[in-house]
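Please read the following points alongside the structure. They take up one pocket, one helix and a set of salt bridges in turn.

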Amino acid sequence: MSAALFTAPLSHAQGASEAASGLPQSEILVVDSEQLFAQSSFGQRVAQELAAEESVLLAENRQIQAKLTEEERVLTEQRATMDAKAFRAIAEAFDARVVQIRNQQDAKSVNIEQKRKREEDAFVRAASPILTALMQEAGASIVMERRAVLMFDPAVDITPFAIERLNLVLGDGAVAPAEEQADQ
């Protein structure tokens, strides 16, 4: 996620008069992109939505597991009274159903991860012009990922400024249902 945040075309700001209150004035700035996402309203909304979806999926998985465990117990009890061929057919059908259910549940988990990636990509697209504006306001020529820098003066870390600006401009980034359908 971090490398893509800084691919927006850059134009150097003219003078410190455009600088936002408290924004460091430096040729080089740093930002923590993970913190940017996690602490922004946008990222927090995404985290809450995904946690809710994961919670639903986990509850569903527990319910399915309990049901299948009970079915397996009943099937095992019936084994003693059934013809071996008939039991084998029922057991194979049960196993096939278990595999099908597992595949369906795995697909739901993959969908959640794909949503996470889509939301992160949307955040990067929305954050890029905001980070570019902050860079220009600070008179910087470059913004680097904080984890890629060996040593730096904490005064050039614009992560808190970026979070504040992202929250102001993007809010939680929620898309209205009509807008969401138009994008698909």
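1. In this predicted model, the lining of the second largest pocket is mixed in character: five of its residues are nonpolar, four are polar and four are charged. The volume of this pocket is about 260 Å³. Its lining comprises 13 residues, and those closest to the centre are Ile64, Gln65, Leu68, Val98 and Arg102.

2. Which helices supply the lining of the second largest pocket with at least two residues each? They are α2 (41–79) and α3 (84–137). The largest share comes from α2, which gives seven residues.

3. Helix α2 deserves a check of its length. With 39 residues at 1.5 Å a residue, α2 should span 57 Å, and the distance of 56 Å between its end C-alpha atoms agrees with this.

4. Several residues of α2 are buried, namely Phe42, Gly43, Arg45, Val46, Leu50, Leu57, Leu68 and Leu75. Among the elements that cover them are α1 (33–39), α3 and α4 (159–170). Leu68 therefore appears twice in this note: it is a buried residue of α2, and it is one of the residues closest to the centre of the second largest pocket.

5. The structure contains 17 salt bridges. One of them joins the side chains of aspartate 32 and arginine 146, with 2.8 Å from N to O. Because aspartate 32 is in the loop between β1 (28–31) and α1, while arginine 146 is in the loop between β2 (142–145) and α4, this pair ties together parts that lie 114 residues apart in sequence.

6. Are the two partners of that salt bridge buried or partly exposed? Aspartate 32 is buried, at a relative accessible area of 9%, whereas arginine 146 is partly exposed, at 26%. Both belong to a network of salt bridges that links Asp32, Glu34, Glu145, Arg146, Arg147 and Asp157.

7. Other salt bridges lie within helix α3. Arginine 116 pairs with glutamate 113, their closest N and O atoms being 3.1 Å apart. These residues are three apart in α3, so about one helical turn separates them. Arginine 116 is partly exposed, with a relative accessible area of 24%, and glutamate 113 is also partly exposed, at 41% relative accessibility.

8. Aspartate 121 and lysine 117 form a further salt bridge, with the closest N and O atoms 2.8 Å apart. They are four residues apart in α3, and hence separated by about one helical turn. Why does such spacing suit a pairing along a helix? An α-helix has 3.6 residues a turn, so residues three or four places apart point the same way.

Note on methods
Residues are numbered from 1 along each chain as its sequence is written. This is a predicted model: local features need pLDDT of at least 70, side-chain atom pairs count only at pLDDT 80 or more; totals for chains, interfaces and linings use all residues. Side-chain values use heavy atoms; hydrogens and water are left out. On a 1 Å grid over the protein atoms alone, a cavity is a set of points where a 1.4 Å probe fits but cannot get out, and a pocket is an open set with protein on both sides within 12 Å along at least five of seven lines; lining residues have an atom within 4 Å of a point. Grid points are joined across faces, edges and corners, and a volume is the space filled by probe spheres set on the points. Ala, Val, Leu, Ile, Met, Phe, Trp, Tyr, Cys and Pro count as nonpolar, Asp, Glu, Lys and Arg as charged, and the others, Gly among them, as polar. The expected span of a helix is 1.5 Å times one less than its number of residues. Buried means under 20% relative accessible area, exposed over 50%, partly exposed in between (1.4 Å probe, protein chains only). Contact means heavy atoms within 4.5 Å. A salt bridge is a side-chain nitrogen of Lys or Arg within 4 Å of a carboxyl oxygen of Asp or Glu.
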